[in-house]
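Q: Hi, could you walk me through this protein, starting with the big picture and then going into some details?

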Amino acid sequence: MTTTPQAARRASPRKRRPATPAAPDPAAGLLPQTEPVRLLNPDGTLLPARADYPEPPVEALREMYRRMVVGRRFDAQATALTKQGRLAVYPSSRGQEACQVGGVLALRDDDWVFPTYRESMALTARGIDPVEVLTLLRGDWHCGYDPAQRRTAPQCTPLATQCVHAAGLAYGESYQGRDTVALVYIGDGATSEGDFHEGVNFAAVFKAPVVYFVQNNRYAISVPLSRQTAAPTLAHKGVGYGVPSEQVDGNDPVAVLAVLTRAVAHARAGKGPFLVEAHTYRMEPHTNADDASRYRDADEVEAWRDRDPLVRLETYLRGRDVLDDAAVAEIAEQAERYAADLRERMNTQPTVDPLSLFDHVYAEPTAQLVEQREQVRAELAAAAEEDA
């Protein structure tokens with residue numbers, strides 16, 4: 001009996017096919033570490049060195065300490081000015097000094113910053129005149145400084161809209177062959193907004209050099225984090241867009257600067273955006289108009305007071321013998337002079353033209369706008385005549 005080739009193949013043992021390679025893990029290299037990166041213990045002692053996040057140069061940390069001290073004094077002075085009626089509102093960033101200053105120090109001068117309304121301290125740390133920083137919060141119609149000159153966008157009040165702006169600017173810079181990085185400050189509440197997701201997604205698709213820096217201070221005004229998201233961490237939100245992410249102890253100044261330095265280097269190298277979540281805490285109310293006792297208790301605030309980033313960094317630098325009593329006193333005196341100068345200049349009532357309210361609303365004023373402007377002009381003239 002003749003065996004056909006087909007029958008022979010059926011009768012012979014089948015060869016085992018090579019195992020199908022496992023599909024690549026889409027989260028490889030994207031997931032944040034399971035615990036926030038920390039390089040300093042809460043008591044200011046150094047933890048074992050890490051290859052992934054080397055300790056920043058001690059000179060940079062000393063400068064970080066100086067700017068944090070000046071920043072905290074500025075924050076206290078701005079809060080006092082609000083109580084005196086010199087500011088319409090002020091959102092304090094006390095307790096978040098490591099994040100405020102660390103973000104600025106991780107950048108070059110020609111990089112861009114996209115701040116929220118809470119980043120006044122970061123802007124002063126960037127070297128912007130504090131009176132110009134507070135101009136917007138004083139009730140003026142513009143931000144007080146030249147965004148293009150300072151490479152700093154106006155402080156953003158609508159949540160997360162600057163996430164899209166930063167993605168567009170960073171992509172434009174990259175498209176023109178420049179290695180500019182944009183760093184976006186956002187709060188935990190902003191990650192619940194559509195603009196955050198649109199901005200991160202655009203940046204990821206077009207590999208825009210953006211660092212999204214989430215300061216998770218536990219509350220979106222009065223809404224706790226547990227009511228905002230079921231994600232393991234806010235850093236995990238980058239994974240869905242193919243964006244590498246990391247979480248860091250936001251009250252550890254050394255770790256904050258180390259993580260942000262790596263994130264900025266990642267973006268500058270053309271690898272696309274990076275998402276960093278800093279675990280920190282807002283010590284003061286959301287603004288001077290907020291009563292924080294309605295949604296958090298004093299014990300919680302006190303527990304975070306023991307994690308003061310400024311005390312932690314000072315203890316560490318003293319242990320390294322690069323900071324002593326004389327240096328601490330000198331920096332404190334710098335901060336006092338800074339606050340005194342701000343106080344003196346803010347006590348001068350600005351000269352404003354009420355009719356400027358109608359400028360720059362439209363390129364060509366509408367008939368209704370012209371009518372409103374004339375009504376205001378008439379009221380001002382009548383008031384001036386009564387005072388004469």
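A: What follows goes through the domains, the sheet, the pockets and the salt bridges of this model, which is a predicted one.

Q: OK, so how is the chain divided into domains?
A: The protein chain is divided into domain 1, which covers 58–290 + 299–346, and domain 2, which covers 354–387.

Q: And what distance separates their centres?
A: Taken over C-alpha atoms, the centres of domain 1 and domain 2 are separated by 38 Å.

Q: Now the sheet: how many strands form it, and in what order?
A: The open sheet is formed by 5 strands in the order 1-2-3-7-6, and their pairing is parallel.

Q: Which strands stand at the edges, and why is one side of each left without a neighbour?
A: The edges are taken by strand 1 (112–114) and strand 6 (245–249), and because each of these has a single partner strand, one side of each has no neighbour in the sheet. From one strand to the next, the twist averages 20 degrees.

Q: What about strand 2 and strand 3, over how many bridges do they pair?
A: Strand 2, residues 182–187, pairs with strand 3, residues 210–216, in the parallel sense over 6 bridges. Within this part of the sheet, glycine 187 stands opposite glutamine 215 in strand 3.

Q: Switching topic, how much space lies in the largest pocket?
A: The largest pocket holds about 370 Å³ of space. It is lined by 14 residues, and the closest to its centre are Arg138, Gly139, Asp140, Pro350 and Val352.

Q: Which domains does that lining draw on, and what classes of residue does it have?
A: Domain 1 and domain 2 each give at least three residues to the lining of the largest pocket. By class, that lining has 5 nonpolar, 5 polar and 4 charged residues.

Q: And the second largest pocket, how much space is there?
A: About 280 Å³ of space lies in the second largest pocket, and of the 23 residues that line it, Tyr117, Arg118, Leu159, Gly187 and Asp188 are the closest to its centre. Strand 2 and strand 4 (219–220) are the elements that give two or more residues to this lining.

Q: Last topic: how many salt bridges does the structure hold?
A: The structure holds 22 salt bridges, and in one of them the side chains of glutamate 97 and arginine 72 meet at 2.8 Å, N to O.

Q: Which parts does that pair tie together?
A: Glutamate 97 lies in helix 3 (residues 97–105) while arginine 72 lies in helix 2 (residues 58–83), so the pair ties together parts that are 25 residues apart in sequence.

Note on methods
Residues numbered from 1 in each chain as written. Predicted model: local features only at pLDDT ≥ 70, side-chain atom pairs only at ≥ 80, totals over all residues. Heavy atoms only, no water. Domains from an automatic or database assignment. Pairing = 2+ DSSP bridges. Helix = DSSP H or I, 4+ residues; strand = E, 2+ residues; numbered from the N terminus. Axes fitted to C-alpha atoms, helices over the stretch in contact; angles between N-to-C directions. 1 Å grid on protein atoms, 1.4 Å probe; cavity = no way out; pocket = protein on both sides within 12 Å on 5 of 7 lines; lining within 4 Å. Points joined across faces, edges and corners; volume = space filled by probe spheres on them. Nonpolar A, V, L, I, M, F, W, Y, C, P; charged D, E, K, R; others polar. Salt bridge = Lys/Arg side-chain N within 4 Å of Asp/Glu carboxyl O.
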